[in-house]
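Here are a few notes to get you started with this one. Have the sequence and the 3D view open as you go through them.

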Amino acid sequence: MVFLGTCTGGRVRDFHEALAALNRAGGEIAEGVQLVITPASREVADTLRADGTLAKFESLGAIVTETGCGSCCGTSGMIPADGVNVLSTANRNFKARMGNATASIYLASPAACGASAATGRITDPRAERAAR
């Protein structure tokens, strides 16, 4: 699972950065990867809707959730399944942070999350057209 969102990783520029990195790394979400998008606020969601960013993520198969808290703190939204590895733009990754104590959560930049969504593994977004 790749999670883009939260109050610390859900700004307009974060989603633009992630989408650009995803496009550089191949332009599609890798098979088996669940990409979850949660804008930090209604204003962010409105901006991303207006500029086409949310539509692009949705066309790739990303799941766009309601704004605000949810998946990051494990209270609602997309909670990872047992044993799932999550790459997240959130700012915390302690045990059970996303609502499942058996999931492993790794923190990364929006660009690393975007590139990793395309490759299906943790990927350095600085690599020229990240190897698939």
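1. Which residues of H2 are exposed? Arg42, Glu43, Arg49 and Ala50 are, on the other side of the helix from its buried residues. (Exposed is over 50% relative accessible area, buried under 20%, with a 1.4 Å probe and protein chains only.) Keep in mind that this is a predicted model, where local features need pLDDT of at least 70, side-chain atom pairs count only at pLDDT 80 or more, and totals for chains, interfaces and linings use all residues. Residues are numbered from 1 along each chain as its sequence is written, and side-chain values use heavy atoms, leaving out hydrogens and water.

2. Now the buried side of H2 (residues 42-50): Val44, Ala45 and Leu48. Looking down the axis of H2, its buried residues fall within an arc of 100 degrees, so they line one face of the helix. (The arc is taken over directions from the helix axis to the C-beta atoms.) They pack against helix H1 (12-24) and helix H3 (53-60), with contact meaning heavy atoms within 4.5 Å.

3. Just after H2, have a look at glycine 52, which takes a positive phi of about 90 degrees.

4. On to the sheet: it's open, with five strands in the order S3-S2-S1-S4-S5 and parallel pairing. (Strands are DSSP E runs of at least two residues, helices H or I runs of at least four; two strands pair if DSSP finds at least two bridges between them.) Strand S3 (63-64) and strand S5 (104-107) stand at the edges with a single partner strand each, so one side of each has no neighbour in the sheet.

5. Strand S4 (residues 85-88) runs parallel to S5, joined by four bridges. Leucine 87 sits opposite tyrosine 106 in S5.
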